[in-house]
Amino acid sequence: MAQLLLLSVFVISTCGLIYELIAAALASYLLGDSITQFSTVIGVYLFSMGIGSYLSKFLNKNLLEKFIQIEILIGVVGGFSASILFVSFEYVTSFKIILYSLLSLTGILVGVEIPLLMRILQTHFEFKDLVSKIFTFDYIGALIASIMFPLFLVPHLGFVKTAFLFGIINLLVAVWTLTIFKDKIKWINAHRLSAIFFLLVLAVGFVESERIVSFAESASFQDNVIYAKSTKYQRIVLTKSTDDFRLFLNGNLQFSSKDEYRYHEALVHVGLASIPNPKKVLILGGGDGLAVREVLKYPSVENITLVDLDPEMTKLFSTNTLLTTLNHNALNSSKVKVINTDAFLWLKENQEKFDFVIVDFPDPSNYSIGKLYTNTFYKLLKRSIAEGGLGVVQSTSPYVAKKSYWCIDNTLKSVGFLTTPYHAYVPAFGDWGYILFSTETFVAPEKFPENLKFITADVLHSLMIFPEDMIVQTTEVNKLNNQVLVKHFEEEWANYAH
């Protein structure tokens with residue numbers, strides 16, 4: 001029986017780390033700044049575990065019963081943690097208080113577990129063997145959790161369902177312990193009923209987890225949510241109103257179908273139309289296929305390579321009828337090659353040269369995306385541009401985030417590019433910025449493909465003009481080891497929001 005209880009160390013350590021990872025990932029997802037969120041969550045969680053370990057010394061009687069009660073509490077608190085965080089983020093103003101309160105409570109309870117188990121098992125093993133076995137199972141459980149969380153749990157179950165699942169597992173440990181030590185536990189029927197009741201509650205939560213997420217997201221989005229999925233890399237949400245549908249990634253708007261043509265025509269045609277008979281085009285990001293749609297308006301283009309991290313994104317926009325209608329089935333063109341991988345790593349290995357490069361990543365709101373706006377990335381990019389070729393970077397709003405915008409411009413210049421900044425008004429976003437980059441002086445095109453809705457030679461001239469309130473004279477270079485751009489971006493958009 002003692003060996004079976006020892007085995008539960010593996011289970012409960014896995015559960016404990018999963019709750020910590022859920023809190024850290026959700027804090028990063030909802031609040032941004034992944035390094036800060038992960039650092040503070042891990043710090044608070046470990047500190048709380050220390051408090052729990054200290055408090056465990058005050059539990060001196062009926063240790064088995066105390067262990068079962070703690071397992072039930074951890075199962076309930078941990079199991080509902082993701083749901084509470086999702087819902088409270090939309091409906092309360094004190095989200096961080098709830099986040100760190102839940103985190104602290106879970107950490108304290110988890111911190112009590114291991115010392116309590118060691119005291120329960122101390123009569124069955126020598127001290128050195130007990131410590132060795134306890135921490136061996138504990139660390140193995142932590143390894144399993146850290147592997148399962150990003151590779152299986154988040155992509156296939158999502159945060160809410162994962163939390164409920166591991167809450168159920170904690171409750172099963174309690175039931176397991178009750179069964180093994182039924183002759184040594186007082187009030188066993190009361191404990192059993194309590195465990196079974198909360199097992200059923202968590203099971204219902206597990207089954208209804210998508211409804212819980214939908215309820216939380218209904219407060220985030222003005223329009224009806226018609227598609228939502230958590231992938232290995234992001235949360236994809238599509239909303240639809242009477243005459244518009246919108247794509248959100250991790251809660252951030254990516255396009256509105258009513259005006260996305262303005263964004264994508266400005267992104268693609270200003271640069272591509274200036275190249276005589278372009279043949280090879282590289283698109284980094286842009287998994288929605290809308291930039292591809294614009295590139296396909298050039299008959300001379302023979303092949304388009306699209307590198308987008310998330311296969312779920314490109315699959316959605318190449319199979320969903322509503323979306324393929326919007327992008328003109330661009331991702332299924334015989335000219336298009338889709339590669340699902342990290343663009344940074346792909347560029348390191350790439351040997352091809354392209355006439356035109358479109359860099360259409362999400363805004364640099366965190367460090368994992370910010371690396372794609374660094375001088376290191378742009379040095380890699382420079383190797384992939386053919387002689388006489390050029391590229392373009394979507395560069396956030398020069399009105400709202402002018403330090404960020406000119407930081408991107410300065411970073412491109414730092415690796416030897418000549419830059420041509422311009423901006424366009426997109427109603428869903430406001431004034432939006434782009435930067436052309438090349439090794440030769442840019443000559444503005446005089447002709448564009450037929451049937452464009454926005455870009456003309458006259459309009460292009462106006463896009464090159466920046467008023468004083470969009471200009472910053474000097475900025476730093478965004479480097480991998482400082483990621484100053486992410487800091488600028490967060491500060492500027494936070495100020496705008498308030």
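**Burial, loops and internal spaces**

Me: Between which two helices does the loop that holds Gln 483 lie?

Reply: In this predicted model, Gln 483 does not sit inside a helix but in a loop that joins two of them. Helices are DSSP runs of H or I with at least four residues, strands are runs of E with at least two, and both are numbered from the N terminus. The helix on the far side of the loop covers residues 484-497, while the one before it covers 457-463. The loop with Gln 483 therefore lies between H17 and H18.

Me: On what kind of model, and with which conventions, do these values rest?

Reply: Residues are numbered from 1 along each chain as its sequence is written, and side-chain values use heavy atoms, with hydrogens and water left out. Local features need pLDDT of at least 70, side-chain atom pairs count only at pLDDT 80 or more, and totals for chains, interfaces and linings use all residues, since this is a predicted model.

Me: Is Gln 483 buried or exposed?

Reply: A residue is buried under 20% relative accessible area, exposed over 50%, and partly exposed in between (1.4 Å probe, protein chains only). Gln 483 has a positive phi of about 50°, although it is not a glycine. Because its relative accessibility is 6%, Gln 483 counts as buried.

Me: To which class of accessibility does Asn 451 belong?

Reply: Asn 451 also has a positive phi, of about 65°, without being a glycine. Its loop runs between strand E11 (430-438) and helix H17 (457-463). With a relative accessible area of 74%, Asn 451 is exposed.

Me: How far from Ala 401, C-alpha to C-alpha, does Glu 491 lie in space?

Reply: Glu 491 belongs to helix H18 (residues 484-497). Because its relative accessibility is 40%, Glu 491 counts as partly exposed. Glu 491 and Ala 401 are 90 residues apart in sequence, yet their C-alpha separation in space is 8.6 Å.

Me: What distance separates the C-alpha atoms of Tyr 378 and Phe 344?

Reply: Tyr 378 is a residue of helix H15 (residues 375-382), and it counts as buried because its relative accessibility is 0%. In sequence, Tyr 378 and Phe 344 are 34 residues apart. The C-alpha to C-alpha distance between them is 9.7 Å.

Me: Which residue of helix H16 with a relative accessible area of 0% is in contact with Tyr 378?

Reply: Contact means heavy atoms within 4.5 Å. Leaving aside neighbours within four places in sequence, the contacts of Tyr 378 include Val 393, Ile 408, Leu 412 and Phe 417. Helix H16 spans residues 402-414, and the residue sought is buried, since its relative accessible area is 0%. That partner of Tyr 378 is Thr 411.

Me: Which residues of the 476-478 stretch touch Thr 411?

Reply: With neighbours within four places in sequence set aside, the contacts of Thr 411 include Tyr 373, Thr 374, Asn 375 and Tyr 378. Others in that list come from much later in the numbering, and they are Glu 476, Val 477 and Asn 478.

Me: How much space lies in the largest cavity?

Reply: On a 1 Å grid over the protein atoms alone, a cavity is a set of points where a 1.4 Å probe fits but cannot get out, whereas a pocket is an open set with protein on both sides within 12 Å along at least five of seven lines; lining residues have an atom within 4 Å of a point. Points are joined across faces, edges and corners, and a volume is the space filled by probe spheres set on them. A search of the whole structure finds one cavity of 30 Å³ or more. The space in the largest cavity is about 80 Å³.

Me: Which helix gives the most residues to the lining of the largest cavity?

Reply: Among the lining residues are Tyr 19, Ile 22, Tyr 45, Ser 81, Leu 99 and Thr 106. Helix H1 (2-31), helix H3 (63-91) and helix H4 (95-121) each supply at least two residues of this lining. The element that gives the most, with four residues, is H4.

Me: How many residues does H4 give to the lining of the second largest pocket?

Reply: This pocket has a volume of about 350 Å³. Its lining has 19 residues, and Ser 13, Met 49, Val 110, Ile 114 and Asp 138 lie nearest its centre. H1, helix H2 (34-55), H4 and helix H5 (127-156) each give two or more residues. H4 gives the most, and its share is six residues.

Me: What percentage of the residues of the chain count as buried?

Reply: The chain has 18 helices and 11 strands. Its C-alpha trace spans about 90 × 45 × 45 Å along the principal axes. Of its 498 residues, the share that count as buried is 54%.
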